[in-house]
Amino acid sequence: MSIVVGYIPTAEGEAALTRAIEETLRHQDRLVVVNSSRGEALVDNHFVQPEQAATLENRLQQAGIAYELVQPLRGHDAAEEVLTAAEEHQADLIVIGLRKRTPVGKMIMGSTAQRILLQSTCSVLAVKAAQI
C-alpha cells in the first residue's frame, strides 16, 4: 500500500509533504508525490521545475523513505490527478494542504480539497500551513 500527497511548492504544499513524510515513516509505506500542471504546459508556478524536483527528491532520500514523484501532463485538474494516483497506487491515505479561500472563491473556482475529500475511497488527511 502507499500514501499519496498532493504537492505544490507553496507553504500549504510543504505542510502536506512534511506530514506525508511523517505518516510514511510511521506506517513504513511508500510515498507517492503528485505534482501536476493545470494544463498541458510546464509554465505553471505550481509545477515543480527540474531544480526544484532535485531538491524535493533529495529531501525524500534524506528521510529514508521509498517514494515516487509523479508529474502528469494530461490537462486534468489536481483533484483528478491525486485521486487517480491514489487508485493506481492503492493508497491507504491521501495527504493534502489546505489554504483559506473566500466563499466566492470556492463557488467560482471550485475546491480541489473538497473534491478529494468527497470523492476519495481512502482516508484523507488535510493539513494547514503554519501561520506566520
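Here's a quick briefing on the sheet and the helices around it. Keep in mind that this is a predicted model. At its heart for our purposes is an open sheet of 5 strands, paired in parallel and ordered E3-E2-E1-E4-E5. We'll start there and then turn to helix H2.

**The sheet**
- Strand E3 (66–70) and strand E5 (123–128) sit at the edges with a single partner strand each, so one side of each has no neighbour in the sheet.
- On average, neighbouring strands are turned by 20° against each other, direction ignored.
- Strand E2 (residues 30–34) runs parallel to E3, and 5 bridges join the two. Leu 31 has Tyr 67 of E3 as its bridge partner.

**Helices packed on the sheet**
- Helix H1 (residues 11–27) touches strand E1 (2–6), E2, strand E4 (91–98) and E5, and its direction makes about 150° with that of E4.
- Helix H5 (residues 112–119) also packs on the sheet, touching E4 and E5, with its direction at about 160° to that of E4.

**Helix H2**
- H2 (residues 50–63) has 14 residues, which should span 20 Å at 1.5 Å a residue; the end C-alpha atoms are indeed 20 Å apart, so the two agree.
- Its buried residues are Ala 53, Leu 56 and Leu 60. Looking down the axis of H2, they fall within an arc of 65°, so they line one face of the helix.
- Those buried residues pack against H1, E2 and E3.
- Turned away from the buried side is a face with exposed Glu 51, Thr 55, Gln 61 and Gln 62.
- After H2 comes Gly 64, with a positive phi near 75°.

Conventions
Residues are numbered from 1 along each chain as its sequence is written. This is a predicted model: local features need pLDDT of at least 70, side-chain atom pairs count only at pLDDT 80 or more; totals for chains, interfaces and linings use all residues. Side-chain values use heavy atoms; hydrogens and water are left out. Two strands pair if DSSP finds at least two bridges between them. Helices (H or I, at least four residues) and strands (E, at least two) are DSSP runs, numbered from the N terminus. Axes are lines fitted to C-alpha atoms, for helices over the stretch in contact, and angles run from 0 to 180 degrees between N-to-C directions. Contact means heavy atoms within 4.5 Å. The expected span of a helix is 1.5 Å times one less than its number of residues. Buried means under 20% relative accessible area, exposed over 50%, partly exposed in between (1.4 Å probe, protein chains only). The arc is that of the directions from the helix axis to the C-beta atoms.
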